[in-house]
Amino acid sequence: MASSLIRVAGPLLVGVAAGIGAIVGASLTRERKQQLELESAPRPLAVEGWWSSDASSSLAHAHPAVLIVDADTARLVDSWDRRSRARVHHPVVRRTPEWPTAGLIVVDAATGDLLAVVSEPGHAGMPAT
């Protein structure tokens, strides 16, 4: 009687233990992936702000890849992609009419939308309106 109980209960216990291990493993992997997505740059960017922070925010998730651009010349100064935790690969600067004529700005790498004016007096690091 005991051996037949062991034959039935043994595989069930192994299956339960494997299921628990899979759930715990998936949870740890997901938490690690989220932490990697939100880490800051390994070296300082030209300008620091919400785009380079390791804190989670709606702006950071809506605009994971940004370009820091000199609005005078439309020259790329720096870039950051929070998803890959690296500089944006093959960045393209797209000037839009909303850009100011002078200053250092932060724009969305995909759309060119103005996100922040960072070197205009009185507006350092403030979101663009």
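This passage describes the fold, strand pairing, cores, loops and salt bridges of a predicted model.

The protein chain contains two helices and five strands. Along the sequence, these elements follow the order α-α-β-β-β-β-β. Of the 129 residues in the protein chain, 31% are buried. Contacts were considered between residues at least 6 apart in sequence. Among these, 41% join residues at least 24 apart. The exposed surface of the protein chain comes to about 8,200 Å². Carbon and sulfur atoms supply 62% of that surface.

Strand E1 spans residues 65-70. Six of its six residues are buried, and E1 is thus described as mostly covered. The side chains of E1 point in two directions. Ala65, Leu67 and Val69 point one way. Val66, Ile68 and Asp70 point the other way. Residues on both sides are buried. Asp70, an acidic residue, is therefore among the buried members of E1, under the 20% limit on relative accessible area.

E1 pairs with two strands, E2 and E3. Strand E2 covers residues 75-81 and runs antiparallel to E1. Six bridges join E1 and E2. Within this pairing, Ile68 of E1 has Asp78 of E2 as its bridge partner. The pairing of E1 with E3 is also antiparallel and extends over five bridges. Here Asp70 is matched with Leu104 in E3. E3 in turn runs antiparallel to E4, and three bridges join the two. Strand E3 comprises residues 104-108, and strand E4 comprises residues 114-117. Across the E3 and E4 pairing, Ile105 stands opposite Val117.

Two separate nonpolar cores involve these strands. The largest nonpolar core has 13 residues. Val47, Trp50, Trp51, Val66, Ile68, Val106 and Val118 touch the most other members of this core. E1, E3 and E4 each supply at least two residues to this core. The second core is separate and has eleven residues, including Ala65, Leu67, Val69 and Ile105. The two faces of E1 can be followed into these cores. Val66 and Ile68 point one way from E1, and both belong to the largest core. Ala65, Leu67 and Val69 point the other way, and these three belong to the second core.

The hairpin of E1 and E2 has four residues between the strands. One of the residues in this loop is Ala74. Its phi is positive, near 60 degrees, although Ala74 is not glycine. Most residues other than glycine have a negative phi. Ala74 is partly exposed, because its relative accessible area of 23% lies between the 20% and 50% limits.

A positive phi also occurs at His90, with a value near 55 degrees. His90 lies in the loop between E2 and E3. Its relative accessible area is 76%, so His90 counts as exposed.

The hairpin of E3 and E4 has five residues between the strands. Gly112 in this hairpin takes a positive phi near 80 degrees. Ala110 is placed in the loop between E3 and E4. With a relative accessible area of 59%, Ala110 is exposed. The C-alpha atoms of Ala110 and Val93 are 9.3 Å apart, and the two residues are separated by 17 residues in sequence.

A search of the whole structure finds two salt bridges. Side chains of opposite charge can pair when their charged atoms come close. In one salt bridge, the side chains of Arg87 and Asp78 meet at 3.0 Å, N to O. Asp78 is buried, because its relative accessibility is 9%. Asp78 is also the E2 partner of Ile68 in the pairing with E1. In the other salt bridge, Asp81 and Arg83 bring their closest N and O atoms to 3.1 Å. Asp81 counts as buried, because its relative accessible area is 11%. Arg83, by contrast, is exposed at 54%.

Technical notes: Residues are numbered from 1 along each chain as its sequence is written. This is a predicted model: local features need pLDDT of at least 70, side-chain atom pairs count only at pLDDT 80 or more; totals for chains, interfaces and linings use all residues. Side-chain values use heavy atoms; hydrogens and water are left out. Buried means under 20% relative accessible area, exposed over 50%, partly exposed in between (1.4 Å probe, protein chains only). A nonpolar core is a set of buried Ala, Val, Leu, Ile, Met, Phe, Trp, Tyr and Cys residues joined through side-chain atoms within 4.5 Å. Contact means heavy atoms within 4.5 Å. Accessible areas come from the Shrake-Rupley method with a 1.4 Å probe; for residues, only the protein chains shown count as cover. Two strands pair if DSSP finds at least two bridges between them. A salt bridge is a side-chain nitrogen of Lys or Arg within 4 Å of a carboxyl oxygen of Asp or Glu.
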